[in-house]
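Subject: Model for you to look at

Hi,

Here is the structure I promised to pass on. Please open it alongside this message; my notes follow below.

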Amino acid sequence: MSHSTLLVFEVTILVLAIFLGIEVISKVPSMLHTPLMSGTNAIHGVVVVGAMLVLGSGHKGPFTWIVGFIAVVLASANVVGGFVVTDRMLEMFKKRDK
Amino acid sequence: MSYNVSNLLYLITIVTFILALRFLSNPAHARRGNQLGAIGMLIAIVVTWIKTGGTSWWALVLGMAIGGGFGAVAARRVKMTAMPQMVALFNGVGGGAAALISLAELHRILPDPGRPKVDIGLAIVLSGLIGAISFAGSMVAFAKLQELIGGRPITYAGQQFVNAALFIAIAVAGIALVAGVQDEWLLWVLTAGAALFGILFVLPIGGADMPVVISLLNAFTGLAVALGGFELESNVLIVSGMLVGASGTLLTLMMGRAMNRSITNVLFGAFGQVSATAAAVAAGDGGGTVRSATAEDIAVMLAYAHKVVFVPGYGLAVAQAQHDVRQLADLLEEKGVEVSYAIHPVAGRMPGHMNVLLAEANVPYPQLKEMDDANPEFSRTDVAVVVGANDVVNPDARNNQGSPIYGMPILNVDDAQTVVVLKRSMNPGFAGIENPLFYNPKTVMLFGDAKESIVKLAQDVKAL
């Protein structure tokens, strides 16, 4: 795929994702807005994929080493913390359990 | 693993993320959705791991262990009342990671013959910029909410000018980079400048408005991640990042609407300061008589009511009284009283925060009523019990055009037969705004610490 074809394709899915995001979120009741914030927070932790690609790339100098490593640490904290804290919150939303 | 296979597997990740958000539409299966998202994330990590082909595998393991370990411990230990700052912290580190990826990508591309293509250059600049703002801004928000620094808006002369000058400097550096000036230090200047901008941008915003800021910064991080996807040609980053970017933006706007304030006003209004003068103006209206009663009297009133609605505010969370309220509610239900909770969208320290706190106290979620469902019910309510809430039940928001909160949608507790307000003293609330509800003839005040008052009420109801 040529560079410009790829770019157009990427922009297309970007724009579709905007509409999808708005569509999905507008169905979430305000009762769950805190878990929604922390849940979307966990989802952007997918940046860990980018961090891994940087740290796991070949032929890298010390600069990329350090930057990539810190990025992986930060992104991993984002992923694990985000999902765990959201799970803790959602676990508490129950119907009467008596 | 071929490019196509890995992208198909990443597509599975994307689908799980969308489902995770979709499942959040109902508390009954929201948790399953979140777990599905976590599985999707795991798939993405494994696929990426295979793609790196074992290069520097030990560094990856070490980095993920440190970060993941910290995240897991922090997430397990955090109290539910401290949730806003936890979200700010996790949001910030995500933004920081996105900014670092930009630095590394530019460093990798620059030695290649020919400057980076304009679109890649633009993605690097914007992702670095937005990621750095999000990182630094979230850290300030965290510090404010954790009370490491004062929650009051910090303002100084020429603030807007300094911010504007800084922003122009950042913009110039960014344009130069995109236009093909091949100097790596420019991106450093840009990232550092953006971080400084993030700090200066959040400092003047008051603690009460932090949730809006966090939601906005959440959208920023999402956007930075999506732009990172352009740098790395990664669909999963583009789609997931933009999902978060769109949802964060929408949520920010919804919160602004719930407070009847424009986002510009929240970000640049330094609200805590403005309201000090407004309170001085409004203070003249007070001066009616205030009726107070003993816990015994109110206990009788509650026990013989048909329908009681609790209106919890942040004061309830501060007093850690949510468990005691639930116990009181259980006692009333045993006596045949219909109990529910009316929750304003901005009660607590972030949207929906009060619901989480009450859920933690084992309140079944069908009893938690959102504002639009709760308001028509008040006219059929015998007693509305306001615990630690103030501005969200202030009738001035409906009637008094001079009030700083005029136009904000509120819970119409004054439609109930009787309103009981639990309050420490007659001091005005967090935003310093006078509340005529307290002078309403329907209103009975019960002065004292919220937790102690609730416990006392529960004892008296039990004794009946």
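How many residues of chain B are in contact with chain A, and how many of chain A with chain B? On the chain B side there are 94, and they meet 78 residues of chain A. Bear in mind that this is a predicted model.

**The side of chain B that touches chain A**

Several elements of chain B give two or more residues to this side. Among them are the helices α1 (3-23), α2 (30-52) and α3 (57-77). Helices α8 (210-232), α9 (235-258) and α15 (353-360) of chain B are also on the list, as is strand β3 (368-370). The top contributor is α4(B), with 16 residues. By residue type, this side of chain B has 55 nonpolar, 30 polar and nine charged residues.

**Domains of chain B**

The domain assignment splits chain B into domain 1 (1-77), domain 2 (83-269) and domain 3 (288-463). Between domains 2 and 3 of chain B, the C-alpha centres are 38 Å apart. Their contact involves nine residues of domain 2 and twelve of domain 3. On the domain 2 side, α4, α8 and α9 of chain B each give two or more residues. That side comprises eight nonpolar residues, one polar and no charged.

**The sheet in chain B**

Chain B has an open sheet of six strands, paired in parallel. Their order is β3-β2-β1-β4-β5-β6. At the edges sit β3(B) and β6(B) (443-447), each pairing on one side only. Neighbouring strands are turned by 25 degrees against each other on average, direction ignored.

Now strand by strand. β2(B) (residues 338-343) pairs with β3(B) in the parallel sense, over three bridges. In that pairing, B:A342 has B:K369 as its bridge partner. β1(B) runs parallel to β2(B), joined by four bridges. There, B:K307 is partnered by B:E338. β1(B) also runs parallel to β4(B), this time with five bridges. One bridge there links B:V309 to B:A384.

Is β1(B) mostly covered or mostly uncovered? It is mostly covered, with five of its six residues buried.

**The helix on the sheet**

Which strands does α14(B) touch where it packs on the sheet? Helix α14(B) (residues 322-334) touches β1 (307-312), β2 and β4 (383-387) of chain B. The direction of α14(B) makes about 175 degrees with that of β1(B).

Best wishes

Notes:
Residues are numbered from 1 along each chain as its sequence is written. Chains are lettered from A and ligands numbered from 1 in the order in which they are written. This is a predicted model: local features need pLDDT of at least 70, side-chain atom pairs count only at pLDDT 80 or more; totals for chains, interfaces and linings use all residues. Two residues are in contact if their C-beta atoms, placed from the backbone, lie within 7 Å. Ala, Val, Leu, Ile, Met, Phe, Trp, Tyr, Cys and Pro count as nonpolar, Asp, Glu, Lys and Arg as charged, and the others, Gly among them, as polar. Two strands pair if DSSP finds at least two bridges between them. Axes are lines fitted to C-alpha atoms, for helices over the stretch in contact, and angles run from 0 to 180 degrees between N-to-C directions. Domain bounds come from an automatic or database domain assignment. A residue is buried if 20 or more other C-beta atoms lie within 10 Å of its own, exposed if 12 or fewer, and partly exposed in between; C-beta atoms are placed from the backbone.
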